[in-house]
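Me: Please take a close look at one part of this structure, its aromatic rings, and then work outward from there. I would like the terms given with their cut-offs along the way.

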Amino acid sequence: FEGKSYVGELRGNAKKQESVGQLLGVRKALKRFYGKVYLNFGQPLALEDYLKQQQIDWSDFQGQAQARPDWLSNFVVDLGDEINRRINAAVSLNSVCLVSLSLLATPRLAMDKHELIAHLDLLMTIARQAPYSDHINIPEESGEELLETAQKLGMVQEINDPAGDVISIEGDEAILSTYYSNNILHVFALPSLIASIFQRHDDVTHEHIINAVKTVYPFLHQELYVRWDIEELDQRAEQLIQTMLDNKLLLKRGDEYVPADSEAPQWSRLMLLAQAVQPALQRYAMSLTILFSLKPEQVIHRAELEQESQKLAQRIAALYGINAPEFFDKNLFKTQVKVLKEQGWVEHKEGIGMRATKSCEDLYHSILSMLSVPVQQGLQQAARSLRQQARDQILLVDESSPKLEVQDDSQKED
């Protein structure tokens, strides 16, 4: 409804204040087709029970509105995260979000119409067979009907072609589609992560899959507010693996899992599913690439790591035409660094800086193994370019600094 305003704000425009004139213009806007409206109710949160669950004794501060106990700040952050996870657990999988998620997984935001319909059907099959929560809303329509709704809303274009019609996103809708996709990304983050393992591995053990998911999960849990605790992850991963086997995305051969045959349509759908979480994995790899570019005796300050990660993301976006402002959102990199510290993947000393630990090396290799070789190469090239630019700036400063002439004391006259 306010898509143009959202795009403008992403481009740096100031947020417009509401006015009577805007209110009068709403009548005209309401004549447009907006599809269906969904209202979901998530799991309610009883604050007193939640306080007890966190083992916080708040009764001593009852009636003291100005009290600021030591536990309050961290508790408010944790409470906000829990509320966000419960909101996400009551998401609606509508046509706009599902079509956006599918088309954003393609290099040119375009896809064969029949392949798109099949992928929409696959996403809904995964959502039904391995439901994210009891509160989620899954549409009853087929993939074809969902695409028709997206076309009525004007979010996609259909291009007639003798080899088969093509569906694409163009103009400002491309930026808006990242917003729509992010509304449901948490639902498909884990199946996408499992699919990513098979981008560069032809046979994988069950243990490898579980370990890879557990390694990366703390980032997804914090960034996307995915609902499961780490203790529940084995069961959820098992459920998703079985769903992928049932739909022939994966095959079981002995004690190992293999992707569908490359000639089968399931293989291309598995690779497309893997793309949903790739931007997030690339961002994680950026921060880690910077950490591992340091010399053994070097450290980096938290703020500097966040800033350099953002610069690297901007560089990657410019080189590869990534038209998604949230790809280099500084807040995402703040979250990443927070997770690195909490999980012990960096050694951090306040006022001195941080460096990667030995366990962080395993994390780095695990994430790199889920990225395609061209993405890895582009990441490393962009990082080298930024380091060279930084060295050139230091050299330029040194050469432009005034030189001090030092007189040798032995040449002084009495």
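Reply: Y50, W71 and F75 form one aromatic cluster, where rings of Phe, Tyr and Trp (its six-membered ring) are paired if their centres lie within 6.5 Å, with planes under 30 degrees apart called stacked, over 60 edge-to-face and the rest tilted. The model is a predicted one, in which local features need pLDDT of at least 70 and side-chain atom pairs count only at pLDDT 80 or more, while totals for chains, interfaces and linings use all residues. Residues are numbered from 1 along each chain as its sequence is written, and side-chain values use heavy atoms, with hydrogens and water left out.

A search of the whole structure finds 7 aromatic pairs. One of them joins Y50 to F75 in a tilted arrangement, at 5.8 Å centre to centre and with 45° between the planes. Y50 belongs to helix 3 (residues 47-53) and F75 to helix 4 (residues 72-88), so this pair ties together parts that lie 25 residues apart in sequence; helices (H or I, at least four residues) and strands (E, at least two) are DSSP runs, numbered from the N terminus. Y50 is buried, with a relative accessible area of 7%, and F75, at 8% relative accessibility, counts as buried as well (buried is under 20% relative accessible area, exposed over 50%, partly exposed in between, with a 1.4 Å probe and protein chains only).

A further pair is formed by Y132 and W228, which meet edge-to-face, with 4.9 Å between centres and 75° between the planes. Y132 sits in the loop between helix 6 (113-129) and helix 7 (143-152), and W228 in the loop between helix 10 (206-223) and helix 11 (233-246), so that this pair ties together parts 96 residues apart in sequence. Both Y132 and W228 are buried.

From Y132 one can move to V187, a residue of helix 9 (residues 185-197). Residues up to four places away in sequence not being counted, V187 touches Y132, together with V91, L93 and I136, contact being taken as heavy atoms within 4.5 Å. V187 is buried, its relative accessible area being 5%, and although V187 and N88 are 99 residues apart in sequence, their C-alpha atoms are 8.3 Å apart in space.

From W228 the chain leads on to L233, which is placed in helix 11. L233 is buried, with a relative accessible area of 2%, and is in contact with L190, V213, K214 and Y217 once neighbours within four places in sequence are left aside. Of these, K214 lies 19 residues from L233 along the chain, with 7.2 Å separating the two C-alpha atoms.

Helix 6, which precedes the loop of Y132, also packs against helix 12 (residues 265-274), at an angle of about 70° and with the axes 11 Å apart (axes are lines fitted to C-alpha atoms, for helices over the stretch in contact, and angles run from 0 to 180 degrees between N-to-C directions). Helix 6 is therefore roughly perpendicular to helix 12, a label that covers 65 to 115 degrees, where under 35 is roughly parallel, over 145 roughly antiparallel and the rest oblique. On the side of helix 6 the contact is made by E115, A118, H119, L122, L123 and I126, and on the side of helix 12 by S268, R269, L272 and L273.

Elsewhere, S100 is found in helix 5 (residues 95-103) and counts as buried at 0% relative accessibility. Its contacts, leaving aside neighbours within four places in sequence, are M155, S177, Y180 and S181. S369, by comparison, is placed in the loop between helix 16 (358-368) and helix 17 (373-400); at 18% relative accessibility S369 counts as buried, and S369 touches R200 and H201, residues up to four places away in sequence not being counted.

Finally, there is the sheet. Its 3 strands form an open sheet in the order 1-3-2, with antiparallel pairing, two strands being paired if DSSP finds at least two bridges between them. Strand 1 (110-112) and strand 2 (157-159) stand at the edges with a single partner strand each, so one side of each is left without a neighbour in the sheet. From one strand to the next the twist averages 25°. Strand 1 is joined to strand 3 (residues 166-168) by 3 bridges, and A110 stands opposite S168 of strand 3.
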